[in-house]
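Thank you all for coming; I would like to walk you through one structure today, slowly and with each term explained as we meet it. Please have the picture in view while I talk.

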Amino acid sequence: MNASNADGEVLTLRTLANNSNLHGQDGPNNITGSETERNQSPDATRPSQTYQCLLVFAGFMMTFHVIGINSIYGLFQEFYTSPESNIKGAVGQDALVSLVGTIGSGLTWSGSIYVNPMIRRFDNVKLISLAGAFIMSLGIFTASFCTQLWQLYLTQGLLYGIGSSMYYFPIMSLTPAYFDRNRGAAMGVVLAGSGVGGLVLSPVFHILLTRLGIRWALRILGLWNFVLSIPISSVLTKKHGVAASVAGRTRSLGALLQAAGNMVPVYFLTTYSVSVLSYSSSTGSLLLAVNTAVNSAARIGMGILADRVGRQNTMVLSVIFSGIAVFALWYDSDRGRFLAFIVFYGILAGGYNALLPTTITEVYGVQNYSSVNAFIYFIRGLGALFGAPIAGLILGSHQRGTRLTGDMMSNLHVLKTRYNDVAIFDGILLLAAGICVAYVRWLDARDKGGWRWKA
């Protein structure tokens, strides 16, 4: 894209921001995203389709890296807690090992609280994204040298999480402002990269793990991540021109609960497959890949559906039914029901993640997107930090396979009972999140003067 187009698109976003200032800065109810769009001529608000496509593709590849790697942490969980583990004191310690992944994924989201001020401060957000990709890759690479859990907390947890957040939010903050009517579909495509990432990375990493060992698998993953991040970050040649004050903090409980509940099946899918259902580790990684593949397709489908029947409606139903799926299909499941759970949960769980950016824009307005998005993702990061570790505490320590030891874990039935407790914990979190999201839907209708079926 040439310089004149770049300048024009920057001016477009600044025009959006200036227009919102004319209507006041007292809160999200003064002007919504749709009202902003009505006050702009089509030519004034429409960037080039070439840049739109390039930005969506870059976002797709970015989530392929960041969320894709987050989503396959179950493979790390299974290895680190297995007898083949290279980490001292990690065997059978699901709660302690899951904390490594939740630190990384939690910081990916909660890092918005410091990344968004950086985006406002620096004109060239490409540098933020590149620096984040380097720190993220460094965390993965240096994890290959770890021998103790605290070292994993610093590398695969802290370093990875700080870097992934800096890599993630520049693109996620910029993209929604470049779309209006098809915003849901565009963000669905961007976030579908996470599912495709899990689909590709799960079997690839398992092959690397079995053939080269954990150390070289981590080194290759880290180097590959940084090399591919360079062209992706290079797309970001513009500064996001839409920002405003934080609004609606009391509506963030649903984000906290959903993030906590959403991570539990992802982290424990592989260990449940191996420990309770007696699948091999390779089959467990395949099931994780299937789940992420379904999730990827569902995010695109949810985005398209949401643009037609209402983004908030689609989000409410997806969260509530994901909780129902946990109770109906994961609790006390055999192989058949668990396979059904993998598919249906993959479909339903993708709705919230795909629609959150577009719903923030719809409820709070384009002019408030950046700051509200930063706060809500910070809350989601906090939720991600406690969901899987608490599930790990409920599960307790145990050995892999059917030959279990210890007073509390003497047979497979006891282990399955504990996984049932984990499912109950997860289902309650997701259903409570669904209630919160439905309440936000009602509040938005009230604030806008009346109920509309499509919202």
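Let me begin with Tyr-369, whose place is in helix α16, residues 369–395; helices here are DSSP runs of H or I with at least four residues, strands are runs of E with at least two, and both are numbered from the N terminus. What you are looking at is a predicted model, in which local features need pLDDT of at least 70 and side-chain atom pairs count only at pLDDT 80 or more, while totals for chains, interfaces and linings use all residues. Residues are numbered from 1 along each chain as its sequence is written, and side-chain values use heavy atoms, with hydrogens and water left out.

Is Tyr-369 buried or exposed? We call a residue buried under 20% relative accessible area, exposed over 50%, and partly exposed in between, using a 1.4 Å probe and protein chains only. Tyr-369 counts as buried because its relative accessibility is 2%. Tyr-369 also sits 9.7 Å from Leu-174, C-alpha to C-alpha, although 195 residues separate the two in sequence.

Stepping back to the whole protein, there are 17 helices and zero strands, and of its 455 residues, 60% count as buried. If we take contact to mean heavy atoms within 4.5 Å, then among the contacts with a separation of 6 or more, 82% come from residues 24 or more positions apart.

A good example of burial is helix α5, residues 73–80, where eight of the eight residues are buried, so the helix is largely enclosed by the rest of the structure. The buried residues of α5 include Tyr-73, Phe-76, Phe-79 and Tyr-80, and these four are linked by ring pairs with Phe-205 and Tyr-267 into a cluster. By a ring pair I mean rings of Phe, Tyr or Trp (its six-membered ring) whose centres lie within 6.5 Å, called stacked if the planes are under 30 degrees apart, edge-to-face if over 60, and tilted for the rest.

How many aromatic pairs does the structure hold? There are 16 aromatic pairs, and one of them is the stacked pair of Trp-330 and Phe-341, at 5.5 Å centre to centre with 20 degrees between the planes. Trp-330 lies in helix α14 and Phe-341 in helix α15, so this pair ties together parts that are 11 residues apart in sequence, and both residues are buried.

Rings also meet a charge here, and we say that a charge sits over a ring if NZ of Lys or CZ of Arg is within 6 Å of the ring centre and within 35 degrees of the ring normal. Arg-219 lies over the face of Phe-145, at 4.5 Å from the ring centre, and Arg-219 also lies over the face of Trp-216, at 4.8 Å from that ring's centre.

What does a search of the whole structure find when it looks for a salt bridge? The term stands for a side-chain nitrogen of Lys or Arg within 4 Å of a carboxyl oxygen of Asp or Glu, and the search finds one. Lys-416 forms a salt bridge with Asp-332, with the closest N and O atoms 3.8 Å apart. This pair links distant parts of the chain, 84 residues apart, since Lys-416 is in helix α17 (residues 412–447) and Asp-332 is in the loop between α14 (311–330) and α15 (335–364). Lys-416 counts as partly exposed because its relative accessibility is 21%, and Asp-332, at 40%, counts as partly exposed as well.

Asp-332 has another feature, a positive phi of about 55 degrees although it is not a glycine. Ser-278 is likewise not a glycine and has a positive phi of about 60 degrees; Ser-278 is placed in the loop between α12 (253–275) and α13 (281–309).

Finally, let us turn to empty space. On a 1 Å grid over the protein atoms alone, a cavity is a set of points where a 1.4 Å probe fits but cannot get out, and lining residues have an atom within 4 Å of a point; grid points are joined across faces, edges and corners, and the volume is the space filled by probe spheres set on the points. The search finds six cavities of 30 Å³ or more, and the largest holds about 290 Å³ of space. Its lining has 22 residues, of which Ile-67, Ser-71, Asn-262, Arg-299 and Asn-353 lie nearest the centre. Among the elements that give two or more residues to this lining is α16, the helix in which we found Tyr-369.

Conventions
On a 1 Å grid over the protein atoms alone, a cavity is a set of points where a 1.4 Å probe fits but cannot get out, and a pocket is an open set with protein on both sides within 12 Å along at least five of seven lines; lining residues have an atom within 4 Å of a point.
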